[in-house]
Amino acid sequence: MLGNSKAFSGFSVDSIENAKQFYGGTLGLRVSEEHGMLFLHLAGDTDVLLYPKDTHEPATYTVLNFPVDDIDRAVDDLAARGVTFERYEDFDQDEKGIARENPPGPAIAWFKDPAGNVLSVLENRPM
């Protein structure tokens, strides 16, 4: 029944305006607003809904992952745009905040949106 539905994911933020500036401006994503909510329009015809919530609490897990071909270039570019990368005790991260020895996963670096939700860039690996 739902196999043909174009499902999409969503998560809350404390300010649609701050989210719009961050996702559209800082990250350079295509965004649109509708009915007080923000839609992120990602590659592959994928949309993500960001909705305002007065009692928003940031997710304690990664809500959105951005695969990239060159993680060093992506981290450097984002840092130049003012993005600060997170540090976690459970991961051996280099000076840029990239966890390179992350078996079985790819090299990854985490950062937060203005609402405190965790996002990541992770390096594509050949399958």
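User: Where does D45 lie?
Analyst: This is a predicted model, to say that up front. In it, D45 sits in the loop between strand 3 and strand 4 (46-52).

User: What's the phi of D45?
Analyst: About 60 degrees, so a positive value although D45 is not a glycine.

User: And is D45 buried or exposed?
Analyst: D45 counts as exposed because its relative accessibility is 58%, and the cut-off for exposed is over 50%.

User: Which other residue that is not a glycine has a positive phi?
Analyst: H35 has a positive phi, about 55 degrees, and is not a glycine.

User: Where is the place of H35?
Analyst: H35 is in the loop between strand 2 (30-34) and strand 3 (37-42). H35 is exposed too, with a relative accessible area of 71%.

User: OK, on to the sheet. What's the strand order in the open one?
Analyst: The order is 1-4-3-2, four strands in an open sheet with mixed pairing. At the edges are strand 1 (9-13) and strand 2, each of which pairs on one side only. On average, neighbouring strands of this sheet are turned by 25 degrees against each other, ignoring direction.

User: How many bridges join strand 3 to strand 4?
Analyst: Five, and these two strands run antiparallel. As for who faces whom, F39 stands opposite L49 in strand 4.

User: Switching to S120. Buried or exposed?
Analyst: S120 is buried, with a relative accessible area of 0%. The residue belongs to strand 7 (residues 118-123).

User: What does S120 touch?
Analyst: Leaving out residues up to four places away in sequence, S120 touches T62, L64, N65 and F66, and also I108, A109, W110 and F111.

User: Now pockets. What volume does the largest pocket have?
Analyst: The largest pocket comes to about 230 Å³.

User: Which residues line the largest pocket?
Analyst: The lining is made of T26, L27, L29, F66, V68, A74, D77, L78, R81 and V121. Strand 5 (62-68) and helix 2 (71-80) are the elements that give two or more residues to that lining.

User: Which element gives the largest share of the lining?
Analyst: Helix 2 does, with three residues.

User: How do the lining residues divide into nonpolar, polar and charged?
Analyst: Seven of the residues lining the largest pocket are nonpolar, one is polar and two are charged.

Definitions and conventions: Residues numbered from 1 in each chain as written. Predicted model: local features only at pLDDT ≥ 70, side-chain atom pairs only at ≥ 80, totals over all residues. Heavy atoms only, no water. Buried < 20%, exposed > 50% of the residue type's maximum accessible area, 1.4 Å probe, protein only. Contact = heavy atoms within 4.5 Å. Pairing = 2+ DSSP bridges. Axes fitted to C-alpha atoms, helices over the stretch in contact; angles between N-to-C directions. 1 Å grid on protein atoms, 1.4 Å probe; cavity = no way out; pocket = protein on both sides within 12 Å on 5 of 7 lines; lining within 4 Å. Points joined across faces, edges and corners; volume = space filled by probe spheres on them. Nonpolar A, V, L, I, M, F, W, Y, C, P; charged D, E, K, R; others polar.
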